[in-house]
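Student: I should like a close look at a single part of this protein, namely the strand that sits in the middle of its sheet and whatever packs around that strand. Please give one connected account.

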Amino acid sequence: MHCLSNKLIATFFALALLAMATPLVQATPSVGEPAPEFTGTDSNGVSHKLSDFRGSNVVLEWTNHECPFTQKHYRTGNMQQLQKEVAAQDIVWLSVVSSAPGKQGHVTPEQANELTKSRQAAPTAVLLDSDGTIGRLYGARTTPHMYVIDPEGTLVYMGGIDDKPTADSADIEGAKNYVRVALNALSEGQPVESAVTRPYGCSVKY
């Protein structure tokens, strides 16, 4: 009995150590389900909750200004054009920076504001998510990684910005912009086709 008891204790501790060593798997959001609620602070120190924007379409853009794939869309003005289009329709655009301190793409609030100005970008706000809380909540994998949320707070699109997964600026012409397609479908009261696509770009630098 004493030997059996020692084996049970050893097994218990082994299982406990295994549980501690195994990382928790973060569930990713699902299209057709409520988009995960979050609170984030922007580059001007203002706090935003996703639910604050209930009643409006919301676009989430994971970004890293040092990533060649992100640069492709900003260098050509492709991302800014889309941001300005949605702004004219009172659609909320939140750019999210989840790069950790010391990692590629990390920015201070001042740097974030300077990037917005110098690139003539037009997001509603730039959320600084340096601890990766919002990024992990959404399962953001790449920059860019795009999400569209409808006025009821339902996630209706997640994936790549378009169907040309390259860093070549020439590929923007003729590309199918999935974000624009999703927003057009919402405006027409139609379901979003290709509601989940494969994101492409640099890995998010958590």
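Tutor: The account below starts with the sheet and then turns to the aromatic rings, the helices and the loops around it. The model is a predicted one.

The framework is an open sheet of five strands in the order β5-β4-β3-β7-β8, and the pairing is mixed. At its edges stand β5 (125–128) and β8 (155–159), each of which pairs on one side only. Neighbouring strands of the sheet are turned by 20 degrees against each other on average, direction ignored. The strand β3 pairs with β7 (residues 145–149) in the antiparallel sense, over five bridges. Within that pairing, V58 has I149 of β7 as its bridge partner.

One aromatic residue of β3 deserves particular attention. W62 forms a tilted aromatic pair with Y138, with 5.9 Å centre to centre and 40 degrees between the planes. This pair links distant parts of the chain, as W62 belongs to β3 (residues 58–62) and Y138 to helix α5 (residues 133–138), 76 residues apart. Both W62 and Y138 are buried. The two rings also belong to one aromatic cluster, formed by F38, W62, Y138 and Y147. In total, the model holds six aromatic pairs.

Another of these pairs involves helix α2. F69 and Y200 meet edge-to-face, 5.9 Å centre to centre and with 70 degrees between the planes. F69 lies in helix α2 (residues 68–75), whereas Y200 lies in the loop between α6 (178–187) and β9 (202–203), so the contact ties together parts that are 131 residues apart in sequence. Y200 has a relative accessible area of 6% and is therefore buried, the limit being under 20%.

Helix α2 has its own buried residues, namely T70, K72, H73 and Y74. Their cover includes β3, α3, β4 and β6 (142–143), which brings the account back to the strand β3. Of the buried residues, Y74 has a charged neighbour: R119 lies over the face of the Y74 ring, at 3.8 Å from the ring centre. Just after α2, G77 takes a positive phi of about 85 degrees.

Helix α3 also packs on the sheet: α3 lies across β3 and β4 (92–97), and runs at about 140 degrees to β4. The model contains one salt bridge, in which the side chains of R180 and E85 meet at 3.0 Å, N to O. R180 lies in helix α6 and E85 in helix α3 (residues 78–88), so this bridge ties together parts that are 95 residues apart in sequence. R180 is partly exposed, with a relative accessible area of 25%, and E85 likewise counts as partly exposed, at 26%.

The loops complete the picture. D90, in the loop between α3 and β4, has a positive phi of about 60 degrees although it is not a glycine. D90 is exposed, with a relative accessible area of 65%. Q120 lies in the loop between α4 (109–118) and β5; this residue is not a glycine either, yet its phi is positive, at about 55 degrees. At a relative accessible area of 56%, Q120 is exposed. Finally, a cis peptide bond joins T143 and P144, with omega about 0 degrees, and P144 is placed in the loop between β6 and β7.

Methods
Residues are numbered from 1 along each chain as its sequence is written. This is a predicted model: local features need pLDDT of at least 70, side-chain atom pairs count only at pLDDT 80 or more; totals for chains, interfaces and linings use all residues. Side-chain values use heavy atoms; hydrogens and water are left out. Rings of Phe, Tyr and Trp (its six-membered ring) pair if their centres lie within 6.5 Å; planes under 30 degrees apart count as stacked, over 60 as edge-to-face and the rest as tilted. Helices (H or I, at least four residues) and strands (E, at least two) are DSSP runs, numbered from the N terminus. Buried means under 20% relative accessible area, exposed over 50%, partly exposed in between (1.4 Å probe, protein chains only). A charge sits over a ring if NZ of Lys or CZ of Arg is within 6 Å of the ring centre and within 35 degrees of the ring normal. A salt bridge is a side-chain nitrogen of Lys or Arg within 4 Å of a carboxyl oxygen of Asp or Glu. Two strands pair if DSSP finds at least two bridges between them. Axes are lines fitted to C-alpha atoms, for helices over the stretch in contact, and angles run from 0 to 180 degrees between N-to-C directions. Contact means heavy atoms within 4.5 Å.
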